[in-house]
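Notebook open, structure loaded. I'll pick one residue, look up its surroundings and work outwards.

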Amino acid sequence: RAFKRRNDVRNSYVYPTEHIFRMTERELLRYVLDGSMFGVIEIDINVPDSLKPHFEEMPPIFKNTIVEEKDIGDHMREYLLSSKKKFKNTRYLIGSMFATKILLITPLLKWYIEHGLVVTKVYQFVEFNPQRA
């Protein structure tokens, strides 16, 4: 019994949204921005055209994607032809100006929104206890 009392595993954290059954995308993003919700969120997000020059050297969104021959530039296409190498579709981690159905942790989404990126659709959200394991 003493061990049980010292090692109580009950969670005293109260989720800020446990009393809300449904919420709009706007409400969900507001909770993420003010830091009262923590978890992972699946969204569509992009850099607006007005900010593309700002991010052109280092696109802010990183995602895994399959790069096909149609995706490579003229320089690489010429290199492949001159070296007689074949192009093989390959999965790469790339920097991008958009993402579709990407799963992000809420602090990263907050950074994206604060830096001007636009969320166009929210698919789902899973809330977690923001404490160390």
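**Entry 1: threonine 106**

I started with threonine 106, which sits in helix H5. Worth saying up front: this is a predicted model. Buried or exposed, this threonine 106? Its relative accessible area is 3% and the cut-off for buried is under 20%, so threonine 106 counts as buried.

Next I pulled its contacts, leaving out residues up to four places away in sequence. Threonine 106 touches Val32, Met37, Phe38, Gly39 and Phe125.

**Entry 2: the rest of H5**

I then went through the helix itself, residues 106-114. Thr106, Leu109 and Tyr112 are the buried residues I noted in H5. Looking down the helix axis, I find the buried residues of H5 within an arc of 115°, so they line one face of the helix. A reminder to myself: an α-helix has 3.6 residues a turn, so residues three or four places apart point the same way.

What do the buried residues of H5 pack against? I get H2, E1, E4 and E5, plus strand E2 (61-67).

Just past the end of H5 I checked the backbone, and glycine 116 has a positive phi of about 100°.

**Entry 3: H5 against H2**

H2 was on that list, so I looked at the helix pair. Two packed helices are described by the angle between their axes and the distance between the axes. For H2 and H5, the axes come within 9 Å and cross at roughly 100°. The range for roughly perpendicular is 65 to 115 degrees, and H2 and H5 therefore fall in that class.

Which residues meet there? From H2 I have Leu29, Val32 and Leu33. On the H5 side they meet Thr106, Leu109, Lys110, Ile113 and Glu114. Sorted by class, the contact holds 5 nonpolar, 1 polar and 2 charged residues.

**Entry 4: the sheet**

Now the strands. There is an open sheet of 3 strands, ordered E4-E1-E5, with antiparallel pairing. Strand E4 (98-105) and strand E5 (118-127) are the edges, each pairing on one side only. Ignoring direction, I get an average turn of 15° between neighbouring strands of this sheet.

I checked the pairings of E1, which covers residues 39-46. E1 and E4 are antiparallel over 6 bridges. In that pairing, asparagine 46 is opposite phenylalanine 98, and isoleucine 41 is opposite leucine 104. How many bridges join E1 to E5? The count is 8, again with the strands running antiparallel. Glutamate 42 of this pairing is opposite glutamine 124 in E5.

How enclosed is E1? Of its 8 residues, 6 are buried, so E1 is largely enclosed by the rest of the structure.

Then the helices on the sheet. H2 (residues 25-33) lies across E1 and E5 and runs at about 75° to E5. H5 packs on the sheet too, touching E1, E4 and E5, and its direction makes about 130° with that of E4.

**Entry 5: isoleucine 45**

I wanted one residue from E1, and isoleucine 45 is in that strand. Its relative accessibility is 2%, so isoleucine 45 counts as buried.

What does isoleucine 45 touch, beyond four places away in sequence? The list is Ile61, Phe98, Ala99, Ile102, Leu109, Tyr112, Leu117, Val118, Val119 and Thr120. Two of the buried H5 residues, Leu109 and Tyr112, are on it. I also looked up the spacing of isoleucine 45 and tyrosine 112: 67 residues apart in sequence, 9.0 Å apart C-alpha to C-alpha.

**Entry 6: H4, for contrast**

I went looking for something hardly covered and landed on helix H4 (residues 74-83). How many of its 10 residues are buried? The count is 1. Just after H4, lysine 84 takes a positive phi of about 55°.

**Entry 7: whole chain**

Zooming out, I have 5 helices and 5 strands. Read from the N terminus, the elements go α-α-β-α-β-α-β-β-α-β. The protein has 133 residues, of which 26% count as buried.

Last lookup was contact range. Among contacts with a separation of 6 or more, 80% come from residues 24 or more positions apart. The isoleucine 45 and tyrosine 112 pair, 67 residues apart, is an example of such a separation.

Definitions and conventions: Residues are numbered from 1 along each chain as its sequence is written. This is a predicted model: local features need pLDDT of at least 70, side-chain atom pairs count only at pLDDT 80 or more; totals for chains, interfaces and linings use all residues. Side-chain values use heavy atoms; hydrogens and water are left out. Two strands pair if DSSP finds at least two bridges between them. Helices (H or I, at least four residues) and strands (E, at least two) are DSSP runs, numbered from the N terminus. Axes are lines fitted to C-alpha atoms, for helices over the stretch in contact, and angles run from 0 to 180 degrees between N-to-C directions. Contact means heavy atoms within 4.5 Å. Buried means under 20% relative accessible area, exposed over 50%, partly exposed in between (1.4 Å probe, protein chains only). Angles under 35 degrees count as roughly parallel, over 145 as roughly antiparallel, 65 to 115 as roughly perpendicular and the rest as oblique. Ala, Val, Leu, Ile, Met, Phe, Trp, Tyr, Cys and Pro count as nonpolar, Asp, Glu, Lys and Arg as charged, and the others, Gly among them, as polar. The arc is that of the directions from the helix axis to the C-beta atoms.
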